[in-house]
Each structure stands twice: as C-alpha cells, then as structure tokens.
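Reader: Hey, got a minute to walk me through this model? I'd like to start with one of the helices and then jump around.

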Amino acid sequence: MSEIHENNKPMNRKHPYLKTPKGYVLITLLALTGIASFGSLSFQGIVNIVIAVSTAGVLDYGLMVMLKRRRRVPDGAILTGLIIALVLSPASSWLITAAAAAIAIISKHVLRIKKKPIFNPAAMGLLAVLLLFSSGHEWWGGLSALPGWTLVFLAVGGYLVVNKVNKFPLIFGFLGTYFALFTAISFYHALDVNDIFRIPFINAVLFLSFFMLSDPPTSPGKYREQILFGMAAAITSVVVNVWIGGLSFLLAGLLVANLGYSLYRVRNR
C-alpha cells in the first residue's frame, strides 16, 4: 500500500501514527518481514529492503522539493519501497531493486490525475523491472517460502489493514471473481491452472490484495465501485494469465483496474 491518505486529519495525541492506516501497514509488513526472515533463516532480503526504502524515500522527498509540492515525511514512499523489496526475489541485484523503487516514485509524481497517482506505484515499479530486466518475483513477504500454515499470519495482518481502510467489498469482489474464474477453467479442463490454488501463488494473490489492491489513493471508496474495481482487476489478471502467462498477470490486473478507475474519476467527478 504505497500511499494512504489520512483524510487530511492532523497527527495528534489522539491519532498517533502507528494507529493510522499507514501505521497499520508498516507494522504488519515489518512483522511479515521478521516472520519470513527468521522462518527461512535467510536475511538476504533485508539488504534489498534498505536499498528500496532508501531510494524511494530520498527520491520522493527530492521530487517534492523539485516540483514545489508540500514537503512532508515520505512515509508513503517508504511503504512503497518496503512492498517492492518484499515482492522481488531476495537475490535481486541492488541495481534492480533501486530501479524498481525509482520507477515507482517517478510514476507516482508524474502519472497523476486530479492530484492523485493513476497507478499503484509499487506495482508500476515491479512490472517495469520485470519487463525490462526479467527480475524474479518471489513475493517472499507473503511468506511464500514457509509452510502453508503460516498463511494465518498473512491473513491476520491483511484483515487488520483492510479493516482499517474499509476495503472489504473490494477484496471480496477481487478474490471471489479470481478464484471463481480459475475454478471454472479448472473444472472444464480448459487449461491446467491447478498451480493457482497452491503456494506460492496463493501467497502472491493475498499479499497483492491486502497491501496493493486496497491502496486508497488508487482505488475507490464507495462500496459498489470497490466491488467493480476488484472484479475488473480479477478478470484482467485471469485473462493475462491464460493468454500470456508469466509472472506479470497479478500486477497487470491491478494496473488496468487503476487506469479504469482514474478514467472513471475524470468522467464522473
């Protein structure tokens, strides 16, 4: 969840940062980082987190100064960098990690409609380095390298975040459509899509749903629009997976839904 607005409410003692949506996301992602790292006894991904977060934070603040926008702590950019590092393979080079973070932040500042980013920045950065450098996406922050029972930690953390930003209709619309379509394809034996129902694909779709799809600036707030947004993302993801394959289908679904929502805002508001 790369950017989360706080409804323009000033931070005060009644609303400490860690109790805001961004705070919930930060705590949850750090907890998943710890579980994934200690559970796999591998801390290689921590280096990429430092690189991605540093690149995103510094570049975001620099662009705020350059574009003469209101300067603030780049907490949204920090979350963007964290998400990118948790999706990329821990073995990714530092150049690819930094490039993904840089592309994400540039897209956030350049590709905008009505002062809001069109695309989820983390998804833009991740898809860009996948297409440019064939970077590996392991979604290790979704605990994809750990036993299946650890999904409970991902589910609990995701519930807390989605509840805080009030996006359950969007998540149900997306996951319901996504699994219904793949179930139908599997039932009629049109294609072998059984891997979709296994680790690590389950981890990937849940991580994307909880921390990227529900990003408030790039997704709708009204319940009806949330459901349609989630369904559009799911349908696009399934179509891309069936026709093209590869690792980009979830990111493509999210970005197409982002674009559709932005065009809708321009036309109706």
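**Walking through the model**

Author: Let's begin with α6, whose buried residues are Leu151, Leu154, Gly157, Gly158, Val161, Val162 and Val165. Buried means under 20% relative accessible area, exposed means over 50%, and partly exposed is in between (1.4 Å probe, protein chains only). Helices (H or I, at least four residues) and strands (E, at least two) are DSSP runs, numbered from the N terminus.

Reader: How do the buried residues of α6 fall when seen down its axis?

Author: They fall within an arc of 130°, so they line one face of the helix. The arc is that of the directions from the helix axis to the C-beta atoms.

Reader: Before we go on, what kind of model is this?

Author: It is a predicted model, where local features need pLDDT of at least 70, side-chain atom pairs count only at pLDDT 80 or more, and totals for chains, interfaces and linings use all residues. Residues are numbered from 1 along each chain as its sequence is written, and side-chain values use heavy atoms, with hydrogens and water left out.

Reader: Ok, back to α6. What covers its buried residues?

Author: The cover includes α1 (21–40), α7 (168–187) and α8 (201–213). Contact here means heavy atoms within 4.5 Å.

Reader: And what about the span of α6?

Author: Helix α6 runs over residues 151–165, and at 1.5 Å a residue its 15 residues should span 21 Å. Its end C-alpha atoms are 21 Å apart, which agrees. The expected span is 1.5 Å times one less than the number of residues. Just after α6, asparagine 166 takes a positive phi of about 60°.

Reader: You mentioned α8. How far apart are its end C-alpha atoms?

Author: Only 16 Å, although α8 has 13 residues and a straight helix would reach 18 Å. Helix α8 is also mostly covered, with twelve of its 13 residues buried. Among them are Asn203, Ser209, Phe207, Phe210 and Phe211.

Reader: What's in the loop between α7 and α8?

Author: Proline 200 is found there, and the peptide bond leading to it from isoleucine 199 is cis, with omega near 10°. Isoleucine 196 has its place in that loop too.

Reader: Isoleucine 196, buried or exposed?

Author: Isoleucine 196 counts as buried, at 4% relative accessibility. Leaving out residues up to four places away in sequence, isoleucine 196 touches Tyr178, Phe182, Phe201, Ile202, Asn241 and Phe249. Its C-alpha atom is separated by 9.5 Å from that of threonine 183, 13 residues apart along the chain.

Reader: Switching topic: how many salt bridges does the structure hold?

Author: Three. A salt bridge is a side-chain nitrogen of Lys or Arg within 4 Å of a carboxyl oxygen of Asp or Glu.

Reader: Cool, which residue pairs with aspartate 75?

Author: Lysine 22, with the closest N and O atoms 2.9 Å apart. Aspartate 75 lies in helix α3 (residues 75–87) and lysine 22 in helix α1, so the pair ties together parts that are 53 residues apart in sequence. Both aspartate 75 and lysine 22 are buried.

Reader: And aspartate 60, what's its partner?

Author: Lysine 108, again with a salt bridge whose closest N and O atoms are 2.9 Å apart. This pair links distant parts of the chain, 48 residues apart: aspartate 60 is in helix α2 (residues 44–66) and lysine 108 in helix α4 (residues 94–110). Aspartate 60 is buried at 2% relative accessible area, and lysine 108 counts as buried at 6%.

Reader: What about aspartate 195?

Author: Aspartate 195 forms a salt bridge with arginine 198, with the closest N and O atoms 2.6 Å apart. Aspartate 195 counts as partly exposed at 44% relative accessibility, and so does arginine 198 at 45%.

Reader: Which way does phi go at lysine 115, positive or negative?

Author: Positive, about 65°, although lysine 115 is not a glycine. Lysine 115 sits in the loop between β1 (112–113) and β2 (116–117), and is exposed with a relative accessible area of 75%.

Reader: And leucine 143, where is that one found?

Author: In the loop between α5 (121–133) and α6. Phi of leucine 143 is also positive, near 65°, but leucine 143 counts as buried, at 0% relative accessibility.
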